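Thanks for coming. I'll take a few minutes on one model, starting at the surface and then moving to the charged pairs.

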Amino acid sequence: MTQYQSTLLRMLDERGYIHQLTDPQGLDKLANEGVVPGYIGFDATAPSLHIGSLVQIMMLRRLQQAGHKPVVLMGGGTTRIGDPTGRDESRKMLSDQTIEDNIASIRQVFTRLLTFGDGPTDAVMVNNHDWLGQLGYIELLQEVGTHFTVNRMLTFDSVKLRLDREQPMTFLEFNYMILQGYDFRHLNKAMDVRLQMGGSDQWGNIINGIELTRRKDGREVFGLTTPLLTTADGKKMGKTAAGAVWLNEDALPAWDFWQYWRNADDRDVGKFLRLFTDLPLDEIMRLESLEGSEINSAKIVLANEVTRLVRGEEAAKAAEATAAATFAGGGLGQDLPTFDVAESDIGIIDALVGLGFAASRGEAKRLVAGSGARVDGNPITDEGFRIALKDKEIRVSSGKKKHGILRRA
């Protein structure tokens, strides 16, 4: 582990955030001498970000914790184009109003994790449509175009991988990296932003901005990327069989969010605690050293801490209480998904679909055939089984980790 002098790089290094860094000694010196404004960009393609973006948000939190200034760049302009990185098809065009609504919705998570204001280390949120939307095409070509060669742009992973798969890339998308480089230069001139951070797949785009700023203005700026974040079984962080794990409450209930962390692989507990919580490192080392069934207590700590940061204290407490009632006591937690049934009974297949445990009747039948369905803890293997409701609530489970409640409407 590199011996850094600045609090910022020591913290990022100890917690596992650093993958690539353009000039470690230069940034370390700068961060040790004064406040460094640093930014990360987020496109507004949906009303919520998912946990694949959480490591980036936590990087901004670390930046502020170390006494520096986080700049949240919302891609109101670049969302209109679409980052081709890791994509096989063009992004769907969104209306101006939809993009504005998405930005307003996404802001909720940042206000929990960052302190916004007018102070020297207070976070600010800016929108690149404010400057990209004012650019004339000829002006952009003259200002920036001469500093980018098509030869080099074709070597970037975001372009090369798409072309290697023989997937079409529009000229619109090809311009994304130019605009991202322009963003860095603009923020440096307007706000003295000296650092851009991002995922490892953004390295080429970050280097573009650094070189453009140096060539046009002779100013030194820095880039830092995080490792590609995967779970212990090799899956990309943020993706599950049920879909994305969204950060906003209205996109994913707190119970499901809490459960994602509670069900983490044993091997991921220490990594996740370092990246996604504020727990001291010595406490994390103690928790990740637990073995056997005791590691479950560390997973509960992980779930509580991440849920508290992202969703708030009450959401974390309610989710833990639901887990305790559902698993430990065999009862029915208040935050479990529910399905109100008008009749006095319902077939197991309809119940599984109604609770969202299966996307179709065929999928529900396969779940039953595979002994994955339970009613009040009892396995159900007959797809014709009917659940009598009468006036009580019934717990229906899919596997060991997904539970819901049937109620008489």
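On the surface, Y137, I138 and L141 make up a nonpolar patch, and together they have about 320 Å² of accessible area. Keep in mind that this is a predicted model. L141 sits in helix α6, which covers residues 137-143. Its relative accessible area is 39%, so L141 counts as partly exposed.

Now the salt bridges. The count comes to 15. I'll go through three of them.

Start with R311 and E249: their closest N and O atoms are 2.8 Å apart. This pair links distant parts of the chain, with R311 in helix α15, residues 295-311, and E249 in the loop between β8 and α12, 62 residues apart. R311 is buried, at 6% relative accessibility, while E249 is partly exposed, at 43%.

Helix α15 also provides a partner in the next pair, K299 with D266. Here the closest N and O atoms of the salt bridge are 2.6 Å apart. D266 lies in the loop between α12 and α13, and the two residues are 33 apart in the chain. Which of the two is buried? K299 is, because its relative accessible area of 8% falls under the 20% cut-off. D266, at 43%, is partly exposed.

The third pair is D268 with K271, where the closest N and O atoms are 3.8 Å apart. In this one the acid is the buried partner: D268 has 3% relative accessibility, and K271, at 32%, is partly exposed.

One more item on charges: R61, R62 and D278 are joined into one network by salt bridges that share partners.

That's it from me.

Notes:
Residues numbered from 1 in each chain as written. Predicted model: local features only at pLDDT ≥ 70, side-chain atom pairs only at ≥ 80, totals over all residues. Heavy atoms only, no water. Patch = residues over 30% accessible without salt bridge, like charges linked within 9 Å, V, L, I, M, F, W, Y side chains within 5 Å. Areas by Shrake-Rupley, 256 points an atom, 1.4 Å probe, with all protein chains shown as cover. Salt bridge = Lys/Arg side-chain N within 4 Å of Asp/Glu carboxyl O. Helix = DSSP H or I, 4+ residues; strand = E, 2+ residues; numbered from the N terminus. Buried < 20%, exposed > 50% of the residue type's maximum accessible area, 1.4 Å probe, protein only.
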